[in-house]
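I opened this structure to practise reading a fold from its parts. My plan was to look up the sheets, a helix, and some charged pairs.

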Amino acid sequence: MIRVGILGSEGRMGRAIVELASTDSDVRIESLVDVKNLLRTEITNKKVDVFIDFSSPKATVENLRILVEHNVSVVIGTTGFNAEELKILESAAQKIPIVFASNFSVGVNVLWKVIASISKTLAADYDADIVESHHRHKKDAPSGTAVTTGQILLDAKGVNYEDNVVFGRSGRNNMRSRDELGILAVRGGGVVGEHTVIFASDCDKLEIKHTAFSRETFAAGAIRAAKWLLKKQPGLYSMQDVLEFQ
Ligand code: NAD
């Protein structure tokens with residue numbers, strides 16, 4: 001039995017995790033933390049093995065300080081961190097065990113694995129772009145998943161992500177280079193999450209698409225990560241570590 005706390009428990013993802021965890025006899029939800037019920041009070045009153053955080057970058061960074069003080073592990077699914085916030089996360093991971101993933105869906109993690117190999121094989125002759133779609137309430141753009149996908153894709157090609165990524169395109173004289181990677185964000189309605197990776201040559205096109213039908217796919221991955229994290233040493237782990245991909 002693992003005692004879990006939820007950070008962002010009243011949000012879309014928080015509610016999906018609470019619902020799924022209530023059907024899992026190996027998980028007990030011990031603490032629900034949101035803006036009305038703050039972590040500092042909860043953590044001193046409840047015994048939690050692992051917190052699962054789907055909140056906002058600002059909230060995650062604030063709560064990390066308290067989790068480090070109390071030596072409690074955390075699974076982080078929040079996206080949209082800037083470089084400074086990512087450094088705070090990395091330094092917290094020297095003191096507590098953290099699983100951090102921009103996407104907890106097993107399907108997306110398999111996509112990341114195959115994208116690296118496809119990108120390496122097609123690098124010389126194919127242009128690559130990523131199109132992502134999400135619901136109208138999503139705050140950050142492009143999605144953390146699209147950014148991770150782009151980093152994996154360009155790493156495999158052996159080119160620098162920061163120097164070659166463009167977010168959308170406009171203008172009259174804007175021809176792409178072979179190494180350029182376009183990431184385009186679509187927002188609307190209730191789309192849970194769609195990511196399409198496009199490889200195009202002069203004579204054919206390969207598209208690989210992942211569609212999340214519901215938030216349960218992320219919730220299931222986050223609960224799996226929390227169970228895996230239980231007895232781990234401090235460190236920054238990924239969902240690829242949880243799935244034990246070679
Ligand atoms: P949401 O806005 O519905 O929920 C966020 C919740 O966090 C809100 O209830 C808010 O009140 C709460 N919150 C704010 N400050 C807080 C604090 N200090 N302590 C605790 N809770 C606080 O958002 P959502 O759709 O549930 O998504 C949350 C995050 O998870 C976003 O960054 C989103 O991009 C990300 N996300 C990641 C994955 C993944 O697989 N990694 C999947 C879906 C969403």
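These are my entries, in the order in which I looked things up.

**Entry 1: the kind of model**

I noted before anything else that this is a predicted model. I kept that in mind for each value below.

**Entry 2: the parallel sheet**

I began with the open sheet of six strands, whose pairing is parallel. I wrote down the strand order as 2-1-3-4-5-11. Which strands stand at the edges of this sheet? They are strand 2 (27-33) and strand 11 (235-237). Each has a single partner strand, so one side of each is left without a neighbour in the sheet. I also looked up the turn between neighbouring strands here, which is 20° on average with direction ignored.

Next I looked at one pair within this sheet. Strand 1 (residues 2-7) and strand 2 run parallel and are joined by six bridges. To fix the register in my mind I noted one position: V4 stands opposite I29 in strand 2.

Then I checked a helix that packs on this sheet. Helix 4 (residues 83-92) touches strand 4 (73-76), strand 5 (97-100) and strand 11. The direction of helix 4 makes about 140° with that of strand 5.

**Entry 3: the mixed sheet**

I moved on to an open sheet of five strands, in the order 7-8-6-9-10. Its pairing is mixed. The edge strands are strand 7 (165-167) and strand 10, and each of them pairs on one side only. Neighbouring strands of this sheet are turned by 15° against each other on average, direction ignored.

I spent some time on strand 9 and strand 10. How many residues lie between them in their hairpin? I found four residues between the two strands. Strand 9 and strand 10 run antiparallel, with eight bridges joining them. I wrote down two of the facing positions: G193 has A212 as its bridge partner, and E194 has T211.

I picked T196 in strand 9 for a closer look. Is T196 buried or exposed? T196 is buried, with a relative accessible area of 11%. The cut-off for buried is under 20%. Leaving aside neighbours within four places in sequence, T196 is in contact with D129, I130, V131, E207, I208 and K209.

**Entry 4: helix 5**

I turned to helix 5, which lies across strand 9 and strand 10. Helix 5 runs at about 170° to strand 10.

I tested the length of this helix. Helix 5 covers residues 106-122, which is 17 residues. At 1.5 Å a residue they should span 24 Å, and the end C-alpha atoms are 24 Å apart, which agrees.

At the start of helix 5 I found a side-chain oxygen of S105 reaching to within 3.2 Å of the backbone nitrogen of G107.

Which residues of helix 5 are buried? I listed V108, N109, L111, W112, I115, I118, S119 and L122. What covers these buried residues includes helix 6 (144-157), strand 9 (193-200), strand 10 (205-212) and helix 9 (239-242).

**Entry 5: salt bridges**

Side chains of opposite charge can pair when their charged atoms come close. I found that the structure holds 17 salt bridges, and I looked up a few of them.

K46 forms one with E42, the closest N and O atoms being 3.0 Å apart. K46 is partly exposed at 31% relative accessible area, whereas E42 counts as buried at 8%.

K138 pairs with D140, again as a salt bridge, with the closest N and O atoms 3.0 Å apart. Both K138 and D140 are buried.

D129 and R176 meet through their side chains in a salt bridge of 3.1 Å, N to O. Where in the chain do D129 and R176 sit? D129 is in strand 6 (residues 127-134), and R176 is in the loop between strand 7 and strand 8 (181-187). The pair links distant parts of the chain, 47 residues apart. D129 is buried, with a relative accessible area of 14%, and R176 counts as partly exposed at 21%.

Last, I followed the shared partners. Salt bridges join D127, D129, R169, R176, R178 and E180 into one network. D129 is also among the contacts I noted for T196.

Terms used
Residues numbered from 1 in each chain as written. Predicted model: local features only at pLDDT ≥ 70, side-chain atom pairs only at ≥ 80, totals over all residues. Heavy atoms only, no water. Expected span 1.5 Å × (residues − 1). Buried < 20%, exposed > 50% of the residue type's maximum accessible area, 1.4 Å probe, protein only. Contact = heavy atoms within 4.5 Å. Polar contact = N/O pair within 3.5 Å; in protein donor to acceptor, adjacent residues only side chain to side chain. Pairing = 2+ DSSP bridges. Axes fitted to C-alpha atoms, helices over the stretch in contact; angles between N-to-C directions. Salt bridge = Lys/Arg side-chain N within 4 Å of Asp/Glu carboxyl O.
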